[in-house]
Amino acid sequence: MPMSFRRVGQLALLALATLFGMSCGQVYRPVVIPVSTTPPNPSNFHAVFGLNQNAVPNPGSILQIDVSGDTNIGEADMGINPTHASAVPNGSRIFVASAGSMVPGDADIVTSFTPAGSALAASGIGNLTVYSMPNVGPNQSSAITAIGESGTVVTVTVSAAISQATVGGPIVISGVSIGGYNGNFVLSSVNGTTLQYVNTIQNLLPATAGTATVPLPTFCSYLPVFVTSIESNTAFVANYGAEGGTTCSFPSTDSVASLNVTTGQVSNIAYLNPSNMTPPPHPVAMAETPNTENLYVVNQGNSTVVDLSPTDLSTLATITVGATPVWAVARSDNQRVYVLTQGDGTLIPIDTNTNTILPSQTNLNVGAGANFILYDPNLNRLYVTNPTTGNVFVYATTGGLDLSGNANDTPKLLATISMTAGPKPPCAEACSPVSVAALPDGSRFYVASYEDEPSCSDANVGATECIVPILTVFDAPSITVKQVQSTLLPSSPSLSLLMSPQFSPRQYAVPPVNSCKPPVLPATYAPGATRFRMFTTAAEDSSHVYVSMCDAGAIADVTTVTNTISQGTNAPDTLVADIVSPFGACSGGSCSSTAPITSFSITSNVVTFQAQNSFVAGQKLQISGLSTGTYLNGQTLTVLPTGLSSTQFASNFTHPDVSSTADLGTAQSVQVANITGFSINSNVITFRAVNTFTAGTRVSIAGLSSSTAVTDALNGQTLTVIATGLSATQFECVLTTSTPNVGSTPDTGTAVPQIPPQTPIFVLTGQ
């Protein structure tokens with residue numbers, strides 16, 4: 001046996017020597033592939049969520065962004081007219097409020113879901129739970145204490161008389177353990193708490209428990225506008241409400257409801273205006289103290305703040321504040337809540353132990369029109385934005401004095417920042433600061449603002465109204481502006497927020513979107529209006545800041561740190577991506593039919609969708625809404641003749657094979673503009689083509705062949721239609737690179753419009 005081992009060893013040495021000999025004279029060189037752009041920083045998994053509105057009556061959506069990967073890893077439809085979102089402390093559930101009853105007959109809901117997990121391939125948003133507000137009014141329903149049958153007559157005893165119950169009227173029996181009792185019936189007798197009806201099912205045993213309901217044509221409009229969820233098993237929703245609804249049994253639905261995370265049910269609801277008083281409360285914001293002992297509800301309508309017990313939603317106190325309160329935050333030590341009033345522009349400190357407003361010598365006047373407070377628990381600061389005056393106020397949460405000059409733990413003003421003052425102000429002209437994000441590491445804070453230019457300075461938009469989204473970086477310790485390294489904004493130290501390929505390389509402005517315009521005083525917020533034209537938040541690890549840009553249909557992704565791999569543009573506070581929102585509902589002449597996708601597969605670079613459709617070969621489609629196959633969202637595909645039927649269609653798509661995967665989304669066909677000619681003058685190209693485009697429409701150019709030098713550069717480009725020169729027979733775009741003038745040239749090609757994205761209205765930090 002030892003000899004055998006020696007022989008094996010000799011053979012192994014001989015083989016190794018042979019290999020070395022074979023490789024003599026050979027040089028093996030490692031291949032290095034240069035990276036021209038800064039790759040994402042390797043870091044732990046964190047998430048940010050973007051909330052998007054869609055054209056009514058279509059549902060809005062949520063998208064999930066992987067912070068370290070700078071990518072969209074999940075999408076899901078929410079309700080109609082989404083208004084606000086919140087996450088439980090550990091980030092395991094996200095809640096989205098949707099005021100769907102702005103469309104008569106559609107539902108007000110709160111949608112809860114589980115975020116997509118950390119994975120190389122997106123796992124998708126899942127486990128959706130929908131909470132609905134109560135629509136059974138008082139004197140319409142009662143608990144069953146006993147139910148029994150004699151022959152065909154059923155006798156029901158209820159805990160309280162139902163005043164709406166009448167002989168010959170309907171009654172709905174539900175929840176009885178013996179199923180034969182449950183159903184819809186006609187009342188034959190009503191006597192106080194005793195009801196009778198005839199049942200065709202006989203020989204039923206007596207039972208207890210269940211509910212008897214008179215099914216009135218009840219539909220109540222609640223209009224949920226704000227959610228908060230600092231508890232792990234409970235979330236709260238503030239319902240703006242409606243008064244005197246003709247189909248509602250409640251005199252007013254202004255209310256706060258508690259949502260049970262485990263059961264997926266509304267566990268309690270407190271109606272704030274049971275007597276239908278004028279003016280109605282109309283709650284618009286909430287703040288719960290970290291110890292979960294107080295839930296402060298901001299009532300914009302009657303200028304009060306109500307302190308509710310989170311345990312049972314009983315009223316602990318009602319505090320009258322200044323005109324039109326709009327926001328509130330709670331301090332981390334539970335001792336103070338700060339309320340912002342928009343009508344008279346005051347920052348109001350409330351002592352949570354006594355529920356009284358604390359007087360202060362400090363100037364807490366922030367000007368009428370103030371809209372938002374950010375509480376920074378790391379620096380114990382409050383940041384207040386006022387889009388009307390163009391100012392941002394920075395307060396320490398403590399250090400203030402009462403009217404006698406004694407310390408009373410009220411805010412102390414640290415700085416008033418004018419966004420347009422100074423030799424090189426953050427904004428080159430009048431702008432509206434609307435939101436602030438502070439890095440958890442305490443180093444910087446960021447102000448999101450926008451300029452509304454009547455005649456746009458950006459040639460990519462043309463000489464018409466435009467919106468310029470801006471992000472200004474401030475050094476937190478000194479409260480001074482930090483000049484960013486790269487920006488397209490003329491004469492500004494702030495960061496421009498648009499980048500290619502989603503926008504033209506030098507573009508910094510976009511045409512306004514009507515639905516993105518917020519109310520301006522004296523008008524106040526109401527469901528259906530956009531509360532935040534822009535909003536900003538910081539990732540939990542301080543590595544990124546995100547800005548939702550309603551008019552641009554995108555979320556700007558700004559890295560706040562230098563990359564560990566020094567390649568490309570490697571500087572902090574740099575725009576690294578514009579993450580486009582899911583496609584919106586398509587309307588008008590640029591759109592045609594849609595198909596609801598139920599699943600897809602990819603084989604040999606051909607993607608096959610299962611979807612009821614009426615598409616034809618050669619038709620251009622755009623894909624949206626997929627929660628697992630997110631890499632397909634936003635793609636423009638061409639329907640192939642092979643594999644096309646009424647239940648499926650296929651398109652070329654370069655991607656590794658994917659087995660059949662259940663997924664829900666939409667394939668939207670678009671009407672292509674057929675180009676018959678073009679000309680170029682001063683870097684503006686005019687296409688001759690019958691079209692239904694609007695200013696701001698993004699179009700992909702293909703098929704031009706008249707002049708290789710020019711058309712090779714044009715084919716494959718995505719350009720933005722500008723307002724000037726736009727008609728039913730032509731459209732114009734600013735070219736992304738310097739191009740020589742070209743006279744009128746006949747040519748054939750196509751311009752494929754991109755379906756406008758939904759409009760992001762809010763961004764939320766997850767875990």
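Lys and Arg are counted here as positive and Asp and Glu as negative, with His and the chain ends left out of the count. On that basis, the protein chain of this predicted model carries 18 positive and 39 negative charges, whose mean positions are 14 Å apart. The notes below go from the chain as a whole to its aromatic pairs, and then to the places where an arginine lies over a ring.

**The chain as a whole**

- The secondary structure of the protein chain consists of 2 helices and 51 strands, and its C-alpha atoms fill a box of roughly 100 × 85 × 80 Å when this is taken along the principal axes.
- Of the 767 residues in the protein chain, 53% are buried, while the area that the chain exposes comes to about 31,300 Å², with carbon and sulfur atoms supplying 55% of it.
- Among the contacts in the protein chain with a separation of 6 or more, 57% are accounted for by residues that are 24 or more positions apart.

**Aromatic pairs and a cluster**

- A search of the whole structure finds 20 aromatic pairs, and one of them is formed by Phe372 and Phe532, which meet edge-to-face at 5.8 Å centre to centre, with 90° between the planes.
- Phe372 belongs to strand 26 (residues 372-376), whereas Phe532 lies in the loop between strand 34 (495-496) and strand 35 (534-538), so this pair ties together parts that are 160 residues apart in sequence.
- Phe372 and Phe532 are both buried, and these two residues also belong to one aromatic cluster, together with Phe226, Trp327, Phe535 and Phe762.
- In the pair of Phe615 and Phe649, the ring centres are 5.2 Å apart and the planes stand at 80°; because planes over 60 degrees apart count as edge-to-face, this pair is edge-to-face as well.
- Phe615 is found in the loop between strand 40 (606-611) and strand 41 (620-624), and Phe649 in strand 43 (residues 648-652), so the pair ties together parts that are 34 residues apart in sequence.
- Phe615 is buried, as is Phe649.

**Arginines over rings**

- The charged end of Arg531 sits over the ring of Tyr525, at 4.8 Å from the centre of that ring.
- Arg533, for its part, lies over the face of Tyr450, where the distance to the ring centre is 5.2 Å.

Definitions and conventions: Residues are numbered from 1 along each chain as its sequence is written. This is a predicted model: local features need pLDDT of at least 70, side-chain atom pairs count only at pLDDT 80 or more; totals for chains, interfaces and linings use all residues. Side-chain values use heavy atoms; hydrogens and water are left out. Rings of Phe, Tyr and Trp (its six-membered ring) pair if their centres lie within 6.5 Å; planes under 30 degrees apart count as stacked, over 60 as edge-to-face and the rest as tilted. Helices (H or I, at least four residues) and strands (E, at least two) are DSSP runs, numbered from the N terminus. Buried means under 20% relative accessible area, exposed over 50%, partly exposed in between (1.4 Å probe, protein chains only). A charge sits over a ring if NZ of Lys or CZ of Arg is within 6 Å of the ring centre and within 35 degrees of the ring normal. Contact means heavy atoms within 4.5 Å. Accessible areas come from the Shrake-Rupley method with a 1.4 Å probe; for residues, only the protein chains shown count as cover. The place of a charge is taken as NZ of Lys, CZ of Arg, CG of Asp or CD of Glu.
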